[in-house]
Amino acid sequence: RSYNMSRIRSKDTSPEKIVRHYLYHEGFRYRLNVRKLPGTPDIVLRKWHTVIFVNGCFWHGHKGCKDFVIPKTNTDFWTAKIRRNAERDAASTELLQAMGWHVITVWECELKPDKRDATLTSLTAQLRDNRQSWLVEKEIRRVRRKQNALRQQQARDRYDSLIAEICLEIPESVVRESLKEE
């Protein structure tokens, strides 16, 4: 079993290749396994501000899936390992969402031939929705930056006008005396 498990890869798995192939042919461009992001997402679509994790049902503990069965030998080890994987996935998802990324998880069982078309179609629909919400969010940020810049400019103008008023109220003789002393 140890040898068999050691042969299982974490990158370029068949489910990942299915999703990548579909996305590429739909016109989406992406990066793979970006290490700078929490959890090293399998697929990163920067333009769409979305990351995609393609998870194996066994390794990530897909609840309610027939492909997720704890082995009958060394049960404590496998239970703890899969629980840690699930906790790490949840923490990565939370961090990415806090950073403003949209997170999509595609499960291995959703890519079986009978469910594949529906899964991939819903994936592209979700990506397009994410794009729209990201553009709206981006526009809101741009407007807020403009409003802040306008407020700062107004504050500077008020400050300048107050200084000008104060300078007008000071008698000219006092101003001349202070200039002579310098």
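Biologist: Where do Arg83 and Glu87 lie, and how far apart are they along the chain?

Modeller: Both sit in helix H4 (residues 75-98). They are four residues apart, about one turn of the helix. Keep in mind that this is a predicted model.

Biologist: What makes Arg83 and Glu87 a salt bridge?

Modeller: Their side chains meet at 3.7 Å, N to O. The rule asks for a side-chain nitrogen of Lys or Arg within 4 Å of a carboxyl oxygen of Asp or Glu. The value of 3.7 Å is within that cut-off, so the pair counts.

Biologist: Why is Arg83 called partly exposed?

Modeller: Its relative accessible area is 46%. Buried means under 20% and exposed means over 50%. Arg83 falls in between, so the label is partly exposed. Glu87 is also at 46%, and it is partly exposed too.

Biologist: Which residue forms a salt bridge with Glu139?

Modeller: Arg142 does. The closest N and O atoms are 2.4 Å apart, which is within the 4 Å limit, so the pair qualifies.

Biologist: How are Glu139 and Arg142 placed in helix H5?

Modeller: They are three residues apart, so about one helical turn separates them. Glu139 has a relative accessible area of 36%, in between the two limits, and therefore is partly exposed. Arg142, at 36%, also counts as partly exposed.

Biologist: What joins Asp12, Glu16 and Arg20 into one network?

Modeller: Salt bridges that share partners. One of the pairs is Arg20 with Asp12, whose side chains meet at 2.8 Å, N to O. That is within 4 Å, so this pair is a salt bridge.

Biologist: Is Arg20 buried or exposed?

Modeller: Buried. Its relative accessible area is 13%, and the cut-off is under 20%, so the label follows. Asp12 is at 32%, between the limits, and therefore partly exposed.

Biologist: How many salt bridges does the count come to by this rule?

Modeller: Six.

Biologist: Now the surface. Which residues form a nonpolar patch with Tyr159?

Modeller: Ile163 and Ile166. Together the three have about 300 Å² of accessible area.

Biologist: What makes Ile166 accessible enough for a patch?

Modeller: A patch residue needs over 30% relative accessible area. Ile166 has 46%, so it passes. It is not over 50%, so it is called partly exposed.

Biologist: Where is Ile166 placed?

Modeller: In helix H5 (residues 116-169).

How values were computed: Residues are numbered from 1 along each chain as its sequence is written. This is a predicted model: local features need pLDDT of at least 70, side-chain atom pairs count only at pLDDT 80 or more; totals for chains, interfaces and linings use all residues. Side-chain values use heavy atoms; hydrogens and water are left out. Patches are made of residues with over 30% relative accessible area and no salt bridge: like charges are joined within 9 Å, nonpolar side chains (Val, Leu, Ile, Met, Phe, Trp, Tyr) within 5 Å. Accessible areas come from the Shrake-Rupley method with a 1.4 Å probe; for residues, only the protein chains shown count as cover. Helices (H or I, at least four residues) and strands (E, at least two) are DSSP runs, numbered from the N terminus. Buried means under 20% relative accessible area, exposed over 50%, partly exposed in between (1.4 Å probe, protein chains only).
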